[in-house]
Amino acid sequence: MVLQIIGWVGLILLVFSFGLLITKYYKYFIISDLIATLFLLIHSIIIKDIPFITVNTFIIIILGIKQYQGGIK
């Protein structure tokens, strides 16, 4: 049950994050997407899905670098 909740929270946050891109709050996309991807990474680790772990880790690294560089301008 908790496993499914983690996955669904990640999915909902991810959709919400991309929705931010079409609003005046687009600058919060990276932070929101990082949180969503972290939830999805936790979910993928629990279910031992190696491709999903790899993709989510890559996304977290790229978004972390982008945020460090100043985010979306």
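## A walk through three helices

Ala36 is found in helix 2. Keep in mind that this is a predicted model. With a relative accessibility of 0%, Ala36 counts as buried, because buried means under 20%. What does Ala36 touch, once its neighbours within four places in sequence are left aside? The answer is Gly10, Leu13, Leu14 and Ser17. You can also try a distance in the viewer: the C-alpha atoms of Ala36 and Phe16 are separated by 9.1 Å, and these two residues sit 20 residues apart along the chain.

Now hop over to Ser17, one of the contacts of Ala36. Ser17 lies in helix 1, which covers residues 2-20. Is Ser17 buried or exposed? Ser17 is buried, at 0% relative accessibility. A polar atom of the Ser17 side chain lies 2.8 Å from the backbone oxygen of Leu13. Leaving aside neighbours within four places in sequence, Ser17 is in contact with Phe29, Ser32, Asp33 and Ala36.

Phe29 brings us to the aromatic rings. How many aromatic pairs are there? The count comes to two. One of them joins Phe18 and Phe29 in an edge-to-face arrangement, with 5.1 Å from centre to centre and 70 degrees between the planes. Because Phe18 lies in helix 1 and Phe29 in helix 2, this pair ties together parts that are eleven residues apart in sequence. Why is the pair called edge-to-face? Its planes are 70 degrees apart, and anything over 60 gets that label. The two rings also have their own stories at the surface: Phe18 is partly exposed, with a relative accessible area of 45%, whereas Phe29 is buried, with 9%.

Next, look at helix 3, which spans residues 50-68 and holds Asn56. Asn56 counts as buried, with 3% relative accessibility. Which residues does Asn56 contact, apart from neighbours within four places in sequence? They are Thr37, Leu40, Leu41 and Ser44. For another distance to try, pick the C-alpha atoms of Asn56 and Ile46: they are separated by 13 Å, and the two residues are ten residues apart along the chain.

Here is a quick look at accessibility for some of the residues in this tour.

| Residue | Relative accessibility | Class |
|---|---|---|
| Ser17 | 0% | buried |
| Ala36 | 0% | buried |
| Asn56 | 3% | buried |
| Leu3 | 30% | partly exposed |
| Lys48 | 67% | exposed |

Leu3 takes us to the outside. Leu3 is found in helix 1 and is partly exposed at 30% relative accessibility. Together with Leu38, Ile42, Ile46 and Ile47, Leu3 forms a nonpolar patch on the surface, and the accessible area of these residues together is about 380 Å². Which helix gives the most to the nonpolar patch? That is helix 2 (residues 29-46), with three residues.

Last stop: Lys48, in the loop between helix 2 and helix 3. Lys48 counts as exposed, at 67% relative accessibility, because exposed means over 50%. Its backbone is worth a look too: phi of Lys48 is near 60 degrees, a positive value in a residue other than glycine. Why point that out? Most residues other than glycine have a negative phi.

Note on methods
Residues are numbered from 1 along each chain as its sequence is written. This is a predicted model: local features need pLDDT of at least 70, side-chain atom pairs count only at pLDDT 80 or more; totals for chains, interfaces and linings use all residues. Side-chain values use heavy atoms; hydrogens and water are left out. Helices (H or I, at least four residues) and strands (E, at least two) are DSSP runs, numbered from the N terminus. Buried means under 20% relative accessible area, exposed over 50%, partly exposed in between (1.4 Å probe, protein chains only). Contact means heavy atoms within 4.5 Å. Patches are made of residues with over 30% relative accessible area and no salt bridge: like charges are joined within 9 Å, nonpolar side chains (Val, Leu, Ile, Met, Phe, Trp, Tyr) within 5 Å. Accessible areas come from the Shrake-Rupley method with a 1.4 Å probe; for residues, only the protein chains shown count as cover. A salt bridge is a side-chain nitrogen of Lys or Arg within 4 Å of a carboxyl oxygen of Asp or Glu. A polar contact is a pair of N or O atoms within 3.5 Å; within protein, one must be able to donate a hydrogen and the other to accept it, and residues adjacent in sequence count only if both atoms are side-chain atoms. Rings of Phe, Tyr and Trp (its six-membered ring) pair if their centres lie within 6.5 Å; planes under 30 degrees apart count as stacked, over 60 as edge-to-face and the rest as tilted.
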